[in-house]
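The exercises below are meant to be worked through with the structure open beside the text. Try each task before reading its solution.

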Amino acid sequence: MKKFNIRKVLDGLTNVSSSSSASPQPGNRENDTIQENLQSEHFQLCKTVRHGFPYQPSAMAFDAVQKILAIGTQSGALRLFGRAGVECYCQHESGSAVIALQFLINEGALVSALADDSIHLWNLRQKLPAVLHSLKFNRERITFLHLPFQSKWLYVGTERGNIHMVNVESFTLSGYVIMWNKAIELSSKTHPGPVVHISDNPMDEGKLLIGFECGIVVLWDLRTKKADYRYTYDEAIHSVAWHHEGKQFICSHSDGTLTIWNIRVPAKPAQIITPHGKHPKDGKKPEPCKPILKVEYKTTRAGDPFMVLSGGLSYDTVGRRACLTVMHGKSTAVLEMDYPIVDFLTLCETPYPNDFQEPYAVVILLEKDLVVIDLAQIGYPIFENPYPLTLHESPVTCCEYFADCPAELIPALYSVGSRQKRQGYSKKEWPISGGNWGQGTQSYPEIIITGHADGSIKFWDASAIMLQVLYKLKTAKVFEKARNKEDKPSTDIVDEDPFAIQILTWCPESRMLCVAGVSAHVIIYRFSKQEVTTEVVQLLEVRMPYELNDVDSPEAAGEQTPAVSTPGATSSPQSALPPAQTHPSTSSNSSDGPRDNVPCLKVRCSPLKQSPGYQVDLVVQLLWVSGEPPQQITSLALNSAYGLVVFGNFNGLAVVDYFQKTLLMNVGVQELYGLADPFQRQPRSPRKARQPSGGVCDVNDGSNASEDRCKSPTSGSCSPCNSDEETKHQKFIDKMKQKSRRFSKTVANDLAKMSRKLVTVPDQKHETDAKDSSFSRSRSSSVTSLERESREIISSFHFSETLSRKGEAMPGPSLWVGTSQGSMLVLPLTVPASSELRMQQAPAVSFGGVVTRLKGGILSMATLDSAGAPLHPPYELWYDPNLPDEREEKDRWKRRRPASPPSGSQEGAPDTHYVVLCSEKQAEVIVLPAQTSAFKHNITEASFVLRADVVQMNTGCCIACFCANGHIMALSLPSLRPLLDVNYLPLTDMRIARTFCFSNLGQALYLTSPTEIQRLTYSQETCDNLQEMLCELFTPVETPEAPNRGFFKGLFGGGAQSLDREDLFGETAAGKASRSLAQHIPGPGGMEGMKGAASGIVGDLARTRMALDERGQKLGELDERTAAMMASADSFSKHAHDMMLKYKDKKWYQL
């Protein structure tokens, strides 16, 4: 454990890194020591789990015995799903699209084929699946895979029409090859096209059915190496399916038809069906339909077979959604899907193809969803999906991660969220039920909150590396709905999604939620378990005009000094704070522009019924000013103990008291500095005056300007203005109207510059949703893109109860403000001491001036006590605002008292605090109340920090940073020693910058694709326990018994015929394949080696014990059968001996 002595810091003797510097700290005691427990060995970075829907899925497979579903994507990813909470992610190194998947049924292995003509064997008997073997084809393109049940020989179809055999145990090619020119008729003059289907006859494994794209189907005899039958149809084939008796098969074609063939009648199909075609009355052929992309033919013992197909709709159904058709007997059900169908599989009771299939469900893989329908119930209801696949229901625009939350939060959110579930699901259990959960020891609650483009907010339970939706909040309900396209809200800030969530902040202890949307609105929510109807939504409108720094000022402006407030002056809000406005205000002067004092969205006027959960408490909207739309909010913070919400943007900041629904402060960035402004700023537009009438105050009247700065925008007009000055300023405003329209374009250009700066590869095109790239995260790199611009924006806030003024002896409430130019300012707060006074009196906000400046915009701030422990801001304990009156009066005030976790300081008021701040370039620790620098560290020179948070670990706290060059770093506190620096993920997409966030106890996450969340950890303890926490995909399950052939079928040869493929495809019979055809690439290790390396000892022992039990049971059964046979033989011998003795001495005529 390393100790840091404050006295050594004063003497300059502290041994810090070359990039760190210490400054003197006067006034500290000599015996003050800060012990840092965190060391480099406590940190390690690794991925934990990936949640969400597989992005751009391309293939699917199902293990009917293990009940595991595998999905491949166009980026080479594999996602495996079992029961609820059993998920696994793995990635092919090449990144090529997955085109086919095949399970080795009940063997714990999976074969994948990629678009780069390689096939891979994955071992699923371990918690982290790994590739055992790979085979890369050099001269042929892979188009189809088929692996017969309980076979070790894989059939590989190619684009040239050939079929190769691969031994899945050794992953070597056989010399046995089915060439296309031998499969088709010699008289055919054209190439049959790629192989689109391969399957063996369910009743005869020696007969292989091969489908070519041109419409030719060949029944190939593997033993004689020739074609038995050839079936020709005019239309191209998309898929083929067998009847379980092996006497018929069905094909789907490109003209929307299905052809059923008898295997011994190749001349013409036995039946032609057009499921969705219109049949003319004159007997002509039905009109062609869209291609039937896939068909499956499943039989049942007690009823008609099922035919399930995708596609085949009529061409006159333009704009109709993708459909799945289920044909059962005389009924035909057409099930519409929300997205195009990628693939589907029919789940059956038996894995044997030569038995009645007994289908019970259909798994449908859509482009953006996974649907499972129940075939056993009338109406084919869908199963309730237990996976967190609705993450992308609306594009994710922001994300926050909270670890080690209060234990009662998840049950509370689940109780209100359970009422939101849809009805009408199938009553049966989820059919994909394989695998087992991990046995991890991580038990603290974790919650993820995601904001979406449609204005919705979702709360997720992320405990124990699982993910389950808890509750969904729709913020758009607060606003009026558009009755038609003309009434659709247009914010002039974004082209679409006006309700999109941009920033959110949440207090877990008080359950207060505050969100900021792209339409320059802020909504404050309270949590309640009671349903309530709000007659009028409380609304507060704020006028924050844009201040042009890059324009010419009026002539008179050069002789006047703008009114600024004196640093340290306290505002007096009590005389200038009106009640919240419940209706939008209107402009009293039409000359201000076409739109003035109008919000971007209209808050609903009708009563709002609010279900249990989060209920709106206050809506704050920024108004249009002189024809200019309000600026989007770039930073947001809430403190439940003070009852304050603060937000900032390009113009300045505003402090709102949500207890009294009033505006306490509304100032520009320059006004925060006062006379000590460190920047050379150009004169501003006089539109800084804030009054609805559009008049301009006398800029020489500093007292009036200072007083009005903290007034509500609807509090009335200011003191009368000089008419000459008003005329000059009005001329200036008219002159500026022509230039004002350029503002929106300027912001758009700034965002475009930011995007170009973040992309490391020039002209790289990212395949993301259009909505996904239309939002910018204020706490990310937006401040960096504007670093060299003349405007300075508010980038971060932090509420704290600390020593905010120099020489202060007792800590007090304060608000710390960070800007994009690297300035950190403090605004001391005066909050009434008691809860009763707080409800009657508003807090006061003072100006404390600049504390320090860093390179790059300020991203995050935090405070530490004298022992170096985090000094959390005070919070209000949660209470239900809708409790009955008698209970409310009894408990409300007791719970309203601020409560904060105990700090590490000793009894009495601490005389030293530390404030930690991190910018895009640097980190610094400042001693309070002296406001001197104790430690300073240059994080990066060539890049910039995107996200930084002060996080609590098990043995201390640190700063966690994510840089644009992909590095994830951790710095100790307060000494800022580097503890971790890993090159993890170069920033190539704005989505990552917008959603990357750290949490306590070494957890982090980001949106790795538009539909998936990637979680990772930087804690060594979590990495060590990860193996135990991960789920198990493979569980020992006994393979079902093969169907009984019956006495007569066995006697007369009517049952299924087996094939010894080793005799046909082995090296002895078929020889070796050409070395130039494919290249074998060994995996990380053999099968046994991989099992031993990655499987836990407990799992291995359990599997061994079960295998021994199964073997012992089978040996016992064999012993019983042997004993029975021996007894039967003895009995037969005895009877035969008795018969011999009986007739031994008799003549033949005596018989």
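**Exercise 1. A sheet and the helix that packs on it**

How many bridges join S32 to strand S33 (residues 446-452), and in which sense do the two strands run?

Solution. Keep in mind from the start that this is a predicted model. Seven bridges join S32 to S33, and the two strands run antiparallel. To find one of the facing pairs, begin at Val 396, whose bridge partner in S33 is His 452. Next, place this pair of strands in its wider setting, an open sheet of four strands with the order S32-S33-S34-S35 and antiparallel pairing. Strand S32 (396-403) and strand S35 (468-474) stand at the edges with a single partner strand each, so one side of each has no neighbour in the sheet. On average, and with direction ignored, neighbouring strands of this sheet are turned by 20° against each other. Finally, look for the helix H3, which packs on the sheet by touching S33, strand S34 (456-461) and S35, and whose direction makes about 65° with that of S35.

**Exercise 2. The largest nonpolar core**

Find out which residues touch the most other members of the largest nonpolar core, and which helix supplies the largest share of it.

Solution. The largest nonpolar core has 35 residues, and within it Phe 459 and Tyr 614 touch the most other members. The largest share of this core, five residues, comes from helix H3 (residues 409-417). Now follow Phe 459 outwards: leaving aside residues up to four places away in sequence, its contacts include Leu 413, Ile 447, Ile 448, Ile 449, Trp 506, Leu 513 and Tyr 614. Gln 468, Val 469, Leu 470 and Tyr 471 are also touched by Phe 459.

**Exercise 3. A second open sheet and an unusual phenylalanine**

Describe the sheet that contains S13, and then decide whether Phe 171 is buried or exposed.

Solution. Four strands in the order S13-S14-S15-S16 form an open sheet with antiparallel pairing. Its edge strands are strand S13 (142-146) and strand S16 (172-178), each of which pairs on one side only. Neighbouring strands here are turned by 30° against each other on average, with direction ignored. S13 pairs with strand S14 (residues 153-158) over four bridges in the antiparallel sense, and Phe 144 stands opposite Gly 157 in S14. Moving on, Phe 171 is found in the loop between strand S15 (163-167) and S16. Although Phe 171 is not a glycine, it has a positive phi of about 55°. Buried means under 20% relative accessible area, and Phe 171 counts as buried because its relative accessibility is 0%.

For practice, apply the reasoning to Glu 358, which sits in the loop between strand S29 (341-348) and strand S30 (359-366). Glu 358 also has a positive phi of about 55° without being a glycine, but with a relative accessible area of 24% it is partly exposed.

**Exercise 4. An enclosed strand**

Why can strand S47 (residues 794-802) be called largely enclosed?

Solution. Count the buried residues of S47: eight of its nine residues are buried, so the strand is largely enclosed by the rest of the structure. Then turn to its pairing, where S47 and strand S48 (residues 812-819) are joined over eight bridges in the antiparallel sense. Within this pairing, His 798 has Trp 816 in S48 as its bridge partner.

**Exercise 5. The covered residues of a helix**

Which residues of helix H12 (residues 1020-1029) are buried, and what covers them?

Solution. The buried residues of H12 are Gln 1020, Thr 1022, Cys 1023, Leu 1026 and Met 1029. An α-helix has 3.6 residues a turn, so residues three or four places apart point the same way. The cover over the buried residues of H12 includes strand S4 (43-52), strand S63 (1003-1009) and strand S64 (1012-1019). At the N-terminal end, Ser 1019 caps H12, with a side-chain oxygen 3.4 Å from the backbone nitrogen of Glu 1021.

**Exercise 6. Two cis peptide bonds**

Locate Pro 929 and Pro 974, and describe the peptide bond that leads to each of them.

Solution. The bond from Leu 928 to Pro 929 is cis, with omega near 10°, and Pro 929 lies in the loop between strand S56 (922-928) and strand S57 (932-938). Leu 973 and Pro 974 are likewise joined by a cis peptide bond, with omega about 5°. Pro 974 belongs to the loop between strand S60 (967-972) and strand S61 (978-983).

Conventions. Residues numbered from 1 in each chain as written. Predicted model: local features only at pLDDT ≥ 70, side-chain atom pairs only at ≥ 80, totals over all residues. Heavy atoms only, no water. Buried < 20%, exposed > 50% of the residue type's maximum accessible area, 1.4 Å probe, protein only. Contact = heavy atoms within 4.5 Å. Polar contact = N/O pair within 3.5 Å; in protein donor to acceptor, adjacent residues only side chain to side chain. Pairing = 2+ DSSP bridges. Axes fitted to C-alpha atoms, helices over the stretch in contact; angles between N-to-C directions. Core = buried A, V, L, I, M, F, W, Y, C linked by side-chain atoms within 4.5 Å.
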